[in-house]
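Student: I should like a close look at a single part of this model, namely the packing of its interior. Please take me through it in one connected account.

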Amino acid sequence: MLESLIDLLKESPLSLWGPFLILVICGLGLPLPEDIVLVTAGMLAQDDGRSWVPVAILMWVGVLAGDSIMFLLGRRFGAKLLAWQGTHHLFPPAKQAKVKALFDKHGTTVLLIARFLPGLRAPIFTTAGAMHVPYLRFACLDGLAAVLSVPLFVWFGHWLWAKFDEDIQKLNAAMSKTQWFGLIVVALILLGSVLIWRWRQRYRERNEG
């Protein structure tokens with residue numbers, strides 16, 4: 001998959017905006033691993049002689065744009081969108097029930113971890129819109145989660161291409177050895193953020209009480 005994306009976008013006008021557009025479509029439910037697209041964006045940036053930082057910012061905007069479209073569709077069409085037969089192949093009733101259980105248990109905090117639940121991400125954002133969660137709260141929580149992951153994967157791709165150039169076999173080998181480390185780092189940062197947020201919420205509730 002990585003090699004196919006690189007071959008498709010390398011040395012084309014879409015070497016920068018191609019990953020951006022793919023990330024927007026991923027937010028709409030495209031079954032493509034987001035981390036692969038972000039790593040590809042970093043590799044293409046290195047190949048084009050770009051710094052990884054502005055590319056990471058652009059990819060973050062693409063991630064948030066795709067997620068926001070799903071949220072706003074949920075806000076506009078609400079439960080009708082989830083009940084429509086045409087969406088059941090993407091959001092089957094069993095998946096919708098799982099999303100509802102997550103909201104019942106964790107409230108809007110679930111938006112912090114939705115970024116790392118590829119199969120449930122789009123239904124969670126659509127449900128948040130249907131529940132009329134304030135957009136600012138949605139954007140802050142989803143944007144924070146994206147900040148924890150997007151720059152890491154773009155930088156990783158940038159570093160890999162600089163180290164291994166166009167040797168795809170070595171690139172794949174390096175990714176298989178190190179990708180879990182990156183995911184663990186992101187998960188630990190996310191867990192810490194959730195714990196701090198929950199602690200502050202309880203502290204505020206005790207003071208108000």
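Tutor: In this predicted model, Ile22 touches Leu5, Leu9, Leu30, Leu32 and Val37, residues up to four places away in sequence not being counted. Ile22 belongs to the largest nonpolar core, which has 29 residues; Ile22, Leu38, Met59, Val150 and Val154 are those with the most contacts inside it. At least two residues of this core come from each of α1 (2-9), α2 (14-27), α3 (34-48), α4 and α9. The most is given by α3, with 8 residues. Separate from this core is a second one of 17 residues, which includes Val99, Leu111, Leu120 and Phe125.

Two of the helices that supply the largest core also pack against each other. Helix α4 (residues 52-77) and helix α9 (residues 135-164) lie at an angle of about 145°, and their axes are 8 Å apart. The crossing of α4 past α9 is right-handed. Among the residues that make this contact are Met59, Val63, Leu64 and Asp67 of α4, together with Asp142, Val150 and Val154 of α9. Sorted by class, the contact of α4 with α9 comprises 18 nonpolar, 3 polar and 3 charged residues.

Asp142 merits separate attention. This residue is found in helix α9. Because its relative accessible area is 0%, Asp142 is classed as buried, the cut-off being under 20%. Apart from neighbours within four places in sequence, Asp142 is in contact with Leu64, Asp67, Leu111, Arg115 and Phe125. Of these, Leu64 and Asp67 take part in the contact on the α4 side, whereas Leu111 and Phe125 are included in the second core.

Notes:
Residues numbered from 1 in each chain as written. Predicted model: local features only at pLDDT ≥ 70, side-chain atom pairs only at ≥ 80, totals over all residues. Heavy atoms only, no water. Axes fitted to C-alpha atoms, helices over the stretch in contact; angles between N-to-C directions. Helix = DSSP H or I, 4+ residues; strand = E, 2+ residues; numbered from the N terminus. Left-handed = near helix turned anticlockwise from the far one by under 90°. Contact = heavy atoms within 4.5 Å. Nonpolar A, V, L, I, M, F, W, Y, C, P; charged D, E, K, R; others polar. Core = buried A, V, L, I, M, F, W, Y, C linked by side-chain atoms within 4.5 Å. Buried < 20%, exposed > 50% of the residue type's maximum accessible area, 1.4 Å probe, protein only.
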